[in-house]
Amino acid sequence: MSTPSLSVGSDARAGVREITMAQAIREALAEEMRRDPRVFLLGEDVAEAGHPFKVLSGLVQEFGPERVLDTPISEAGFVGIAVGAAMTGMRPVVDIMFGDFLTLAMDQIANQAAKVCYMSGGKLRVPLVVRTTLGATRRSAAQHSQSLHAWFSHIPGLKVALPATPYDAKGLLKTAIRDDNPVLFFEDKMMYQVKGPVPEEEYTIPFGVADIKRPGRHVTLVATSSMVYVALDAARILAQEGIEAEVVDPRTTVPLDVETLVQSARKTGRVIVIDEGYRRYGVTAEIAAVIAEEAFYDLEAPVRRLGAMDVPVPFSPVLEDETVPTPEQVAAVARELCGRA
Amino acid sequence: MYELMAKIRAFEEQVNELYVTRRMPGLAHLYVGEEAVAVGVCQALRREDYITSTHRGHGHCLAKGARVDRMFCELLGKAEGYCRGKGGSMHIADPDSGNLGANAIVGGSAGIAAGAALSAKMRGTDQVAVCFFGEGALGQGIVYEAMNMAALWKLPVIYVCENNLYNEYTHYRETTAGDILARPRAFGIPAEEVDGQDVRQVLAAARRAVARARRGEGASFLLCNTYRFYGHHVGDVDRSYYRSKEEEEWWKRERDPLRILRSWMVQAGLAEEAEFERIEQAVREEVLAGVAYALQAPYPDPSEVSQHVYA
């Protein structure tokens, strides 16, 4: 992460304290647990251990083991338990340590949580948040590095949030907890120590509202999660060459703020979509298609996509770094689109 | 209890009839032969207690208090169905009677039931949750994951295993190693085996499990030995490759849960044959009225297709 501190987009304001993304998430959870006794946490090592990335440190001390529940290593089981608790009056927040482990709970998320409301004709609802991680470059190899948010964006009945800044993480997580639907909340594990301004006072960020992290006029970089930083670095490179890139962060893939994406595409006429999920059949494909459908006649060039390579994430640092889009790659594509290659 | 069992029987016979005459879409998995399990267990529950059910769920829904006419509406995809026609036979849910929904994923509700029990415990109510599942679910990992947590956290959940001998079209002995009761016992969950054709045995065992759950002593497991008189689903007509006619006839003749209760009551001098005739006539009329109502009821407006995806 080349940017340890980020003051861009809607969270840019003077005089606001800076905290890390991990702290922002912890604050969101603590505030919601204080506000609503129905909110509770469960997952592996969430209590005394405070989560492997220490995101949850201190919560069990404040709220007790009745509301911060350490589970066995049983993803299907405890996600199922959270679904049942959510259906009957509680508001569980489940922690899936690594996004790769979502595969173990797939039936409970995709067949149960996502469908309960619809199958019951709206009589049952599942106010559940599944917090998990995405992102490579931690040298954790193929079963601890995947970015699987596209899978869940594909299933009707689920909402999917991808915060990129501490400000967004706190505001989106509070919205997720208050939502009556199951929400998959993906945090990039490389971003927990990234700092950014977060106001002391209460705020929430609605789902389905993209954020312009940097305004520009020559090319739009639509970027999610950690790819926002890649896009911002690319924008800085491009600015030195006279290309003003606009960086737009959808913040949630479901619901997707099509309007803001299309407006930006119409303004710049050139779009690159960058996401850390596998490129094939991924989030970039959906966003590129939506823009092509809605803004085709305003485009100066085909929409381009950058995603993780379609390979299992390798261990060797040299190989792993190859799999993730870089600012240089984004800048090179932008130059091509702008006729400066 | 006899009335409820007879109602389930009459309901299911009518479902079969609807399918045979091609008036009902989709799949149906009949509960005929297993009535004593649903009725015995649900008689031990209060309305606000929870159940989760299976793809063979009509009996559980009725036993927990669902209405015949609205169930038929759901089976026919009508707007007045319990799920506005969006769930159908395998997904009937009725939160008003504590029914958190039938589940078409075998074993899929093992966690949900434990979660409802956890929720009751956290909210400080004395509700219990019953998870009905077939012996086929014993092959699913989530059943054991959920039982482990239910035991660790002393959750008021009762796992009711309906062993009707067949995992779809395969005898359970070909799929299930070892001793079924040893499995819950390995988690420290008290487990009992009962004759699932004798509603009085089921009720007595269910009462013990419910009392234990309400006392805060945690989960229980009931193994109910039973038999489905029909096939896996209504289209499963040729069953000769997995079970014999003789076997089916023996169960129907010797182990029919309605007959077992009836003959016990007559022998004990608690009721006369005429009374059973009257009950059966009454439930038959209720079922016929329900199906007639549902057949004429309106379908949902097509615009409802995109409603309820999100709350």
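Let me begin with a term: by a polar contact I mean a pair of N or O atoms within 3.5 Å, where, within protein, one atom must be able to donate a hydrogen and the other to accept it. With that in hand, and keeping in mind that what we are looking at is a predicted model, the count between chain B and chain A comes to 16 residue pairs in polar contact, both residues at pLDDT 80 or more. Salt bridges, by contrast, are absent from this interface, where the rule finds zero.

Let me stay with the interface. It draws 36 residues from chain B and 41 residues from chain A, and the area buried between the two chains is about 3000 Å², with carbon and sulfur atoms giving 69% of that. On the chain B side, B:Met122, B:Tyr310 and B:Ala311 supply 20% of the area that this chain buries against chain A, more than any other three residues. The elements of chain B that give two or more residues to this side are α5 (110-123) and α6 (141-152), and α5(B) provides the largest share, nine residues. By residue type, the side of chain B that touches chain A divides into 20 nonpolar, 10 polar and six charged residues.

Moving now to helix α8 of chain B, residues 199-214, we have 16 residues that reach 22 Å from the first C-alpha to the last, close to the 22 Å expected. At the N-terminal end, B:Asp198 acts as a cap, with a side-chain oxygen 3.0 Å from the backbone nitrogen of B:Arg200, and the helix is followed by B:Gly216, whose phi is positive, near 85°. Its buried residues, among them B:Val202, B:Ala206 and B:Arg212, pack against several elements of chain B, including α1 (2-20), β4 (157-163) and α10 (257-267).

The helix also takes part in a salt bridge, in which B:Glu192 and B:Arg208 bring their closest N and O atoms to 2.8 Å. Because B:Glu192 lies in strand β7 and B:Arg208 in helix α8, the pair ties together parts that are 16 residues apart in sequence. B:Glu192 is partly exposed at 25% relative accessibility, and B:Arg208 is likewise partly exposed, at 47%.

Finally, a pair in chain A: the side chains of A:Asp168 and A:Arg251 meet in a salt bridge at 2.9 Å, N to O. A:Asp168 lies in helix α7 and A:Arg251 in the loop between β11 (245-249) and β12 (252-254), so this pair ties together parts that are 83 residues apart in sequence. Here A:Asp168 counts as buried, at 0% relative accessibility, and A:Arg251 counts as buried too, at 6%.

Conventions. Residues are numbered from 1 along each chain as its sequence is written. Chains are lettered from A and ligands numbered from 1 in the order in which they are written. This is a predicted model: local features need pLDDT of at least 70, side-chain atom pairs count only at pLDDT 80 or more; totals for chains, interfaces and linings use all residues. Side-chain values use heavy atoms; hydrogens and water are left out. Contact means heavy atoms within 4.5 Å. Buried area is the accessible area (1.4 Å probe) that two parts lose on being put together, summed over both. A salt bridge is a side-chain nitrogen of Lys or Arg within 4 Å of a carboxyl oxygen of Asp or Glu. Helices (H or I, at least four residues) and strands (E, at least two) are DSSP runs, numbered from the N terminus. Ala, Val, Leu, Ile, Met, Phe, Trp, Tyr, Cys and Pro count as nonpolar, Asp, Glu, Lys and Arg as charged, and the others, Gly among them, as polar. The expected span of a helix is 1.5 Å times one less than its number of residues. Buried means under 20% relative accessible area, exposed over 50%, partly exposed in between (1.4 Å probe, protein chains only).
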